[in-house]
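The following paragraphs offer a guided reading of a single protein chain. Please keep the sequence and the coordinates at hand while reading.

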Amino acid sequence: MKRGKAKLLTSADIKNCLRFMDDMPNGERNRAMFELMLNTALRIHSVQNLTIGQVFDEGLVPRDSFLLQPEQNKGHKKSLQVYINDRLRKELIRYAKYLTRLYPSTRPDDYLFQSNKGGFLSKQQIIYMFRQVFDGVGLDKQYRCHSLRATTLTNLMNAGYLLPLIQQISGHSS
């Protein structure tokens, strides 16, 4: 089945998605995941395997950046340094408060985004959650998780960022 290209999200689409997630079960987790994927252009595989200790310090303060290990990156070729911008930092601070309420004894090696059963979220669970969000705000089937990555990388290109930087952020060599 050919799916076609992921559609890009507009600013209004992003605001609508964030508002919709506020009313979802696990909304804080879903918002943080959405913002992380949108602001870093990370893929599902990378996000689902992140740990609390990678993204937060011991006091649950977001780091300035974190290292994505080769096994957490598509192709498993090399590590990728991921930078946290101000918008993402604000969302992660909000998420840290949620984590301490939900899991008072978090450990650095706990998954950053956990399922209701405590393990990591599967790719299918993440896809399903985003499908609920996109459907809930009236976006068609061509909007999917990859839309977050495509939106970020396209916005960087349109803003005049140099191609080598965009390649570095996306983890592509070409």
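D135 is partly exposed, because its relative accessibility of 37% falls between the limits of 20% and 50%. In this predicted model, the side chain of D135 meets that of K141 in a salt bridge, with 3.5 Å from N to O. K141 itself is exposed, its relative accessible area being 58%.

The structure holds 12 salt bridges, and two further examples may be set beside this one. D109 forms a salt bridge with R107, and the closest N and O atoms are 3.3 Å apart. Here D109 counts as exposed at 52% relative accessibility, while R107 counts as partly exposed at 48%. The other example joins the side chains of D22 and R31, at 3.2 Å from N to O. D22 is partly exposed, with a relative accessible area of 38%, whereas R31 counts as buried at 11% relative accessibility. This salt bridge belongs to a network in which D22, R31, E91 and R94 are linked.

E91 leads to helix α5, where it is one of the buried residues. The helix comprises 17 residues, 86-102. How does the span expected for α5 at 1.5 Å a residue relate to the distance between its end C-alpha atoms? The expected span is 24 Å, and the end C-alpha atoms are 24 Å apart, so the two values agree. At the N-terminal end, α5 is capped by N85, a side-chain oxygen of which lies 3.3 Å from the backbone nitrogen of R87. Along the helix, the buried residues are L88, R89, E91, L92, Y95, A96, Y98 and L99. These residues pack against α2 (27-40) and α4 (52-55).

Two of the buried residues of α5 also bring in the aromatic rings. The count of aromatic pairs comes to 6. Y95 and Y98 form a stacked pair, with 5.8 Å centre to centre and 25° between the planes; the pair counts as stacked because planes under 30 degrees apart are placed in that class. Y95 and Y98 are separated by about one helical turn, because they are 3 residues apart in helix α5. An α-helix has 3.6 residues a turn, so residues three or four places apart point the same way. Both Y95 and Y98 are buried.

Y95 takes part in another aromatic pair, with F113, which is tilted: the centres are 5.4 Å apart and the planes are at 35°. This pair links distant parts of the chain, since Y95 lies in helix α5 and F113 in the loop between α5 and α6, 18 residues apart. F113 is buried, as is Y95.

Elsewhere, F34, F130, F134 and Y143 form one aromatic cluster. Two members of this cluster, F34 and F130, are the residues with the most contacts inside the largest nonpolar core, which has 43 residues. Which residues does F34 touch, leaving aside its neighbours within four places in sequence? F34 is in contact with L9, I14, C17, L18, M21, F130, F134 and L148.

L148 belongs to helix α7, whose buried residues are C145, S147, L148, R149, A150, T151, T152, L153 and L156. What covers them includes α2, α3 (44-48), α6 and α8 (163-170). With 14 residues, α7 reaches 21 Å from its first C-alpha to its last, close to the 20 Å expected at 1.5 Å a residue. After α7 comes G160, whose phi is positive, near 95°.

In the loop between α6 (123-136) and α7 (145-158) stands R144. Is R144 buried or exposed? R144 is buried, because its relative accessible area of 17% is under 20%. The C-alpha atoms of R144 and I127 are 7.4 Å apart in space, although the two residues are 17 residues apart in sequence.

A buried polar residue also occurs in another loop, the one between β1 (65-68) and β2 (80-83), where Q72 is found. Q72 counts as buried at 6% relative accessibility. Not counting residues up to four places away in sequence, Q72 touches H45, S46, N49, L50, Q54 and L67.

Definitions and conventions
Residues numbered from 1 in each chain as written. Predicted model: local features only at pLDDT ≥ 70, side-chain atom pairs only at ≥ 80, totals over all residues. Heavy atoms only, no water. Core = buried A, V, L, I, M, F, W, Y, C linked by side-chain atoms within 4.5 Å. Buried < 20%, exposed > 50% of the residue type's maximum accessible area, 1.4 Å probe, protein only. Contact = heavy atoms within 4.5 Å. Helix = DSSP H or I, 4+ residues; strand = E, 2+ residues; numbered from the N terminus. Expected span 1.5 Å × (residues − 1). Polar contact = N/O pair within 3.5 Å; in protein donor to acceptor, adjacent residues only side chain to side chain. Phe/Tyr/Trp six-rings, centres within 6.5 Å; stacked < 30°, edge-to-face > 60°. Salt bridge = Lys/Arg side-chain N within 4 Å of Asp/Glu carboxyl O.
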